[in-house]
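Work through the exercises below with the sequence and the coordinates open. Each task is followed by a worked solution.

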Amino acid sequence: MATGAAAMAAPSVFLLAVSGEIESGQFPGFDDLYCKFCFVYGQDWVPTAGLEEGISQITSKSDVSPTTLVWNFPIDITFKSTNPFGWPQIVLSVYGPDFFGHDVVRGYGAVHVPFTPGRHRRTIAMFVPESTSMLQQFTSWLTGRRPEFTDPKVVAQGEGREVTRVRSQGFVTISFNVMTKDLKKLGYDVTPSDLQSPSLGPGAQGLHKY
Amino acid sequence: MNCSEESQTTITELPEPAGVAEPRAQLRTGGTMAAARPRDAPGALRELPPVPSTSRTGIAELSVRQRMREKLKAAKSKAEITLSQEYPSPQPRRLKGVRGRNPEVRLDKVSDNDKFREMREDETHLPPKVKFRDSVKKLKHKSTFQNDFPSEEEAYNFFTFNFDAGRENMKSGARKRNGLNEEDEAEGECVETHEDEQEEDETDEDVHLIKDEDLFMGRTDEDFVVMKPAECENYSEQLKREKEFLFIPSMLTVPVSEKMPENMQPRYLEDEGLYTGERPFVSQSNQNILENRILRQEQGKEWFGDDGKILALPNPIKQSPTRPPIFSLEEGIAPELETVYRKAIKMTSANQYFVGPGDFQGLFQLDIDISGLIFTHHPCFSREHVLAAKLAQLYDQYLARKQKNLTKLLTDKLHALRNAVQCSIEGAGDGVPVAQQSISEYKMEVRETRRLRDAEQEKDRMLLKTIIKVWKQMKSLRDFQKFTNTPMKLYLRKEEVDQQSDEKAYEAEIQAEIKELLEEYMEEYEKKMEEYKTELQDWKSWKKMQKSKKKKKKKDINEDEESEDYDFDEERIKPIPPKTASRLEIEQQVREKADSCRRKPGEPVLIPELVLSGNVTPTEECPRAEVLRREDVKKRSAFIKVLFNSKEVSRTVTRPISSDFRVHFGQIFNLQIINWPESLKLQIYETMGMSSSTLLAEVFIPVPETAVLTGSTPLEEIEFSSNQRVMLDHEGVGSGVSFSFEADGSNKMTLMTSGKVSNSVSWAVGEKGIPLIPPISQQNTGIPSALKNIDAIASIGTSGLTDMKKLAKWAAEAKLDPNDPNNAALMQLIMVATSGEAQVPDFFRLEQLQQEFNFVSDEEFNRSKRFRLLRLRSGEVAEFRNYKQVPLHEREISEKIFQDYEKRLQERDVIDSKNYLDAHRAIVANYLQKVRESVINRFLIAKHHFLLSDLVNEEDILSLGILGLGLFKLAEPKRPLRPRRKERKKVTAQNLSDGDIKLLVNIIRAYDIPVRKTVMSKLQQPSKSSRSFNEMFAASPSAQSPASSPDWAFNQVLVRPFVEVSFQRTVCRTTTAEGPNPNWNEELELPFRAPNGDYSTHSLQAVKDEVFINVFDEVLHDAVEDDRERGSGIHTRIERHWLGCVKIPFTTIYFQARIDGTFKVNIPPVLLGYSKEKNLGMERGYDSVRNLSEGSYITLFITIEPQLIPGESVREKFDTQEDEKLLQAAEKYEAECTSKFPSRQCLTTVIDLDGKTVFITRYIKPLNPPQELLDAVPNRSHTAAELVARYVALIPFLPDTVSFAGICDLWSTSDQFLYLLAGDEEEHAVLLCNYFLGMGKKAWLIIGNAIPEGPTAYVLTLEQSQYVIWNPSTGCFYGQYDTFCPLQNVYCLISSDNIWFNIQEYDSPVRINFDISKPKHWKSFFSRSLPFPGLSSIQPEELVYQHSDKAAAEELQSRIEKILKDKIMEWRPTRPTRWNRYCTSTLRNFLPLLEQNQGKDVEDDHQAELQKQLGDYRVSGFPIHMPYSEVRPLIEAVHSTGVHSIDVSNVEFALAVYIHPYPQNVLSVWIYVASLVRNG
């Protein structure tokens, strides 16, 4: 059997550590929103640590900067996997009260966790499913039961989406800090790590001589 | 048309303007009025109803006309004379147009001329002129048959000439009459016809007709009565006015002269032999129209080419195809389809900025020094700046020239040469020919040098002059504008020269030049003289010849005199002798030249000096525009971006542009690079104020040579310029805008923003003094390395590189090392080329790119376990569907993973008799498996078709009523006193994982649990545990026999039952209750785990697990061995005795969402040590209903938490052989029914095993039950019915939902069912129904809802005016009013020829009327409107049964017994399992008896017998009866009883199996399990 050192040399899984936060959202016209997130990943992926799902606090717009709803909701999760297929996606769904105080969905969105190590910022355009008819729209507005996806994870999959009609609604900004372990050892070269374009070289800033 | 007479006359008085216009229109209509009536009255033409007084008007007309004609004639002749004098002849071109001459040509001409005269004044009159001519032509045409009328020329003249009398006459008449409007209009029309010559005749006509109509239709009587003053407009005025804005291009050809600029002859390029190309075809008339139109425009002539035609590109359409034909190399394959495989090539260019592994050689450094920026022009330059820049430029030039000092150099050279010439001439006395040679060369040189020097001198002088001129300009500008912008000052330093010496030198120079020139001219003269002489010679000889010829001619007159004449004509000129150059002339020339380009002797040498010491006028003193300019400049700043390989790497700081338009940066950028740079670029940006920066220009900097190192490079100035156009509103001259220094605005100049960047680029030097320069070889990465390293080109030539064979040959000869990686590319190329040539693909590849994407070869792909696993998983193969974490390495995948799968694949065809113990059943199982797979495959496809409802949860539209209710609900109390169960939220199965789903089993109570009998107690009178069929229906329910034994009331503990629920091997139990009617009311929670962790709908549907609800009796045995301890402690042993069980499949729960009801506990026919007690006294209230049924009951509530959404059936339309009409009717029927009763299922069509839609009545047909069964009880048809029902129930139950994963209900026909020996309720029900029909009963199929099955099928029979409901899967029957009947709802009844849907208010069998003849209660499918079409049954004519095979049954029996015994021992791993043979044999003997009696009425005998035989054993055990399908359920059943779990040390076991065979291999299995504990 392989000793510890041998296992080090030939890892059988790679790890993907994602931390970061759901920073803020822009939902013009809506307020008091909260956000749910969950990760969707393929069959070869297993979360090893951290929260797979979470729900944020309700945030209100500030009077000073009325455009963004800040959650700053941390995400921290580590996956292990044997196969990059089914790379994790974070699925966000934002909810908030409507005119009558019913809790309705304000947006769904999903984005893949970046696969290059480093800090990444993503702005996700959010959308909600549309009512199938004007009457439906009216009644759903009245009853506060807007159409929702049967499962927020629907937005992370492509299958069957053609039957839905959605309307875009707002943005959510997420920042990711991504670390990978053993990915390159296993032959998956995702990082142009030896990309050292002169523009990015350490001395490229130049000496400013005045 | 009530025109008065007067109006008529007015018309006649008019010299026929209408006659000019109207007849034309009328005549062309041909068949209308003009043809119908003689045209005697022109006025009448317009009047639709004939006027009565035509004759009179005719006379009046004539007289007037006559008079007029005479006048006209007189006037005309006068005019003619004058005209013909003025314009002697009209242009012949015009005449051309008038074809078909007639005697009136002359008049035509006249009128033409007449008009022409007017038009001559203006050139633009051309088109009307033409028009007019046309009109005349038409009129003339008409006039041939209108002799009575004033002819056209008369009419025309009437309008054009002024003859006062007639005019006045007319006018006076017109003034009086109200009909004049018409005349005006007629006049107008006349004009129009003149104007509209170009128009189509029809439209012309239409216009008139419409006008006429309008004229008369819109007119009421009053209109004619009203008197109005005449509005007479002068026709010519009108014409003139209209000419101003109307233009109708003529269709006639425009003369070439008009299209060409003046005094230009058309030039035909084609005639000159130039290719002009074919013009696209445009019809001549259109072309003419266009030309006429264009000519009207101001600059129309620009549109015409040299040849007088409109400019046009040649026709772009080519006559022949230009695509070259493709010739195939291979025959047989169309060349276009031939595919050539090319291996994917890694693009090197994309990678060149990356460092491949291994060739990273450290960072290199490039230093870019950007010192500053100088604008040579800037939009903010004032005029003075422009001049200053010019001056500075000139001065720079001057300095540069001065530095080079070419003039001096050339002068020196000239002197030297002259000296040399002098020397050689002096030394020529030696007569050396070489010297002679060199002298002439020197002379040539001298001449050349002198010319150059002169040119340079002239340039110098010009430069100086220009500098001075610009300076003067600047000075004057400064004076003019009264301020200075630039500190520039030009000083002209005079350098006094010695007058004497200077003059001398000057003179000497001139003299020398003159001398040289003289020499030169002399040489030339001599040369020319020579030429002259030879020429003269020639001429003389020619002359002589000429003379001799003449003489000859005189002698004989030659025939070819003409040719001779030719010679005479060419009189040869006598050559003129060349002139000798005069010295004076030359001298003059030289002096003139010297004057112009050389400083005059004695004149001081002027040395300009440009200094920047001048004062710039402070801003306050400047005029406003200048202040604005300066402010603008101050706002501006510039910066430079450094771009490396087109990527911005750094930028300078933004510096303001100084007032002298210089920007100083002085920054050095150190670029650390890895590869040889591809390009270096500077981008100059200008920012203005706060606004964004604009790119002014880009400057490419050459990449420095490797020798250029930092520290040793001078600054270079690189010029740039921008083509940006800037206009400013202040003094700034702008850029790209023309401006002038002159007051009159002449001499315009346009300057573009331009400037110079001073910079330097060099390679840095490293610490150790090593220049940091990347290897230069990296520059040419594009060349394949193999070809680069070995010079193949040199050896075989360039063409050889394309010829693979040659290349291969060369490679072989050169003995290239094929293993050298450098040669790899080449070797591969050669290999591919040579081997590939032989192969001709004999297939057409559809996905020719597929190969590119194959990351491994197919063999490897198939070999690899990992890929296989991945593939199977993505193919959703059952075993791997949810396989998690496919290992990354091949070695981590064990072969075992595939074993099951492979085994299954193999077993598909191999019949495994071991598992099934029965060949037939094995075959059937295989068959079922195949059907299942094909259905599942179909389902898998359908699964990926999503509906909106699958993805989006949307509330249904609320109808108005519900909406109102909803509003009403708002007023409801929040917490009502009587709360109602709310529907739970359903959860989709996708996002679930293990542990999320729980099965909730609520055990409420049980009734009639068997009670213990003490061994010693006497046998009680058996309770009424069963009823005979006859009793039930024939007799009214008799009162129960008073069975209550006197002693039970005193018996403290009859039974201590508890319930144990086991599901997926998880066991939960309730507390122990007491008594035969216990009340637990406990909720048990069992976790649910889906197979493979796959919680998708279809996987859940396929869960085969069942929930076992077992009822046990807890028996406490006094375990104290020693009586002495009895006082001090309690030692009891708990035993539990299985009393019965209820099995509920998970799928039922899944589909039903909840199961709520009272179920009959499946109690074995014999429970040793227990008896059924009827405790009438205690439950009086239930007696009346209870006593009808036997057995124990348990009330349960089962549900899944959270509630799962059951999958939907496949939305797929199955093909069918049914009539389309019938299907439509069925659909309509179903829709009608479900709209009324949405909860009731209406079934009209079902799907058969082949996946085809079949109408349901086709399944019902009388069929013969096995004769054996009928023979067994020949007389009693009721017993026979029971027997048949039992037979049907013995056929194993296999729900479709399990086998076909809830896709659809597949109905098999009865013979299929009997062959498969497996089916669900429908098949059982159909078979039973058919049997009953075959036995002559009245039977129907009930589609309804039962517990626990859910939607199911039962059978209804009519027995002696009572309806009996049969449960086909258990063989039980119930009366209509039996409360414990599991059938809860009845939806429809089906017979062989009709379907009845229950439209009664209730659907519970107790409350409905089964009389199908009442249409109020039952809606039938086939009715009078749609009669039964006589659908043939799909059932077979007759069922053929195999006879029961006793021997096989016995063999099976012993095998099962052995298996079960092994299993029990297996379940008791820690304790020994002893088998009591004696008991076993007793039991074995007893089992056939049970079968015979069908489990009834045997208990007591049996008990007694057992008791007798076993004596002192305490026996607890029971027989289990099951239909046989396979071994596994039997094992499960035995396990669920928990007999094996008894852990008394001295326990013994007994197990007996009996299989009773029925026809068609239906087997009834009895298993008797018992545990024996020796008493005492």
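**Exercise 1.** How far apart do the end C-alpha atoms of residues 507-542 of chain B lie, and what percentage of the span is helix and what percentage strand?

Solution. The model is predicted. Begin with the record: UniProt, in an unreviewed entry, places a "coiled-coil region" at residues 507-542 of chain B. Next, take the two end C-alpha atoms of this span, which lie 51 Å apart. Finally, read the secondary structure: the span is 100% helix and 0% strand.

**Exercise 2.** Describe chain B as a whole.

Solution. Start with secondary structure: chain B has 49 helices and 40 strands. Then turn to burial, where under 20% relative accessible area counts as buried. Of the 1576 residues of chain B, 44% meet this cut-off. The accessible surface of chain B is about 87400 Å², and carbon and sulfur atoms account for 53% of that area. Last, consider contacts in chain B between residues at least 6 apart in sequence: 74% of them join residues at least 24 apart.

**Exercise 3.** Which residues have the most contacts inside the largest nonpolar core?

Solution. The largest nonpolar core holds 74 residues, and those with the most contacts inside it are L999(B), I1003(B), I1109(B), I1194(B) and I1567(B). By element, helix 46 of chain B (residues 1446-1467) gives the most to this core, with 6 residues. Now follow I1194(B), setting aside neighbours within four places in sequence: its contacts include I1003(B), I1109(B), W1080(B) and F1159(B). R1005(B) and T1158(B) are also among the contacts of I1194(B). A second, separate core has 54 residues, among them Y1229(B), L1283(B), F1313(B) and C1329(B).

Note on methods: Residues numbered from 1 in each chain as written. Chains lettered and ligands numbered in written order. Predicted model: local features only at pLDDT ≥ 70, side-chain atom pairs only at ≥ 80, totals over all residues. Heavy atoms only, no water. UniProt positions renumbered as here; feature names shortened; annotations may be inferred. Helix = DSSP H or I, 4+ residues; strand = E, 2+ residues; numbered from the N terminus. Core = buried A, V, L, I, M, F, W, Y, C linked by side-chain atoms within 4.5 Å. Buried < 20%, exposed > 50% of the residue type's maximum accessible area, 1.4 Å probe, protein only. Contact = heavy atoms within 4.5 Å. Areas by Shrake-Rupley, 256 points an atom, 1.4 Å probe, with all protein chains shown as cover.
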